[in-house]
Amino acid sequence: MFRDWDASIAHQAEVLGALVRQQLGEGPHTVLDCSCGIGTQAIGLALAGHRVVAGDLSPVAAARARTEAAGRGARLPALAADMRRLPFRAGQFDVVLSADNSLPHLLTADDVRAALAQLRRVLREDGLLLLTVRDYDELRRTRPTSTPPQVAGTGDNQTITFQLWQWHEDGERYDLEHFQLLPNGTGWDTRVRRTTYWALTRAQLSDFAVQAGFEEPCWLEPAESGYYQPVLTARAACL
């Protein structure tokens, strides 16, 4: 996903860590990355000294995150976990993070509410929620059908990636095909991954967060935060 993954790990940890410090102080803090993928954000935050636990719906991704963290000298407990049914006790974490446009994989209001309610449950009172998603306010206005090709590496290690988007009739959800072209010596091998997203606007996500027990929802644009996607921050309201 990132051309220089280690550089992205370091940069994103710096940016997200700064947001945590602004809200909660220096720390270190207990952090749950509830949609860790292969560990981009979780590894960086662990290397920065935070006590990070990682979860992902995919057991393969969670295992990869553990391996990648260990290879970089970070301790990262990582397990397969559904953000709608988190296996953690109430109030266990200072920070809950879901990055890289993960929450919009949930396609119904009931699923989004269930996930955000779980994130609130495992946060301590006044704990911090961090969500990053695509700029869906703009994307729902323009409704793009593809992304420009990106080229990474050189020669036999070169890869080309791009996406095709097909919007549903509701104007809110879209099917995504992620193409990856890899050289095979005489031509290209093609890998395709498919998924569906719900293009939740800032207003929609903020409303869902408030309904789930968060307060002070605030959106930060990339120019403000330094992160590559818009960031929603909110605090866990007292129950």
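**Aromatic rings and their contacts**

The charged end of Arg173 is placed over the ring of Trp198, at a distance of 4.2 Å from the ring centre. This arrangement is taken from a predicted model, as are the other contacts described here. A second arginine, Arg202, lies over the face of Trp219, and in this case the separation from the ring centre is 5.6 Å.

Pairs between aromatic rings were also examined, and a search of the whole structure yields nine of them. One of these is formed by Trp165 and Trp167, whose rings are 6.2 Å apart from centre to centre, with an angle of 55° between the planes, an arrangement classed as tilted. Trp167 also pairs with Tyr174, the ring centres being 4.9 Å apart and the planes meeting at 40°, so that this pair is likewise tilted, since planes from 30 to 60 degrees apart fall between the stacked and edge-to-face classes.

The residues of these two pairs can further be described by their accessibility. Trp165 has a relative accessible area of 7% and is therefore buried, the cut-off for this class being under 20%. Trp167, at 11% relative accessibility, also counts as buried, and Tyr174 is assigned to the buried class with a value of 0%.

Trp165, Trp167 and Tyr174 belong to a cluster linked by ring pairs, which also includes Tyr136 and Tyr197.

Methods. Residues numbered from 1 in each chain as written. Predicted model: local features only at pLDDT ≥ 70, side-chain atom pairs only at ≥ 80, totals over all residues. Heavy atoms only, no water. Phe/Tyr/Trp six-rings, centres within 6.5 Å; stacked < 30°, edge-to-face > 60°. Buried < 20%, exposed > 50% of the residue type's maximum accessible area, 1.4 Å probe, protein only. Lys NZ or Arg CZ within 6 Å of the ring centre and 35° of its normal.
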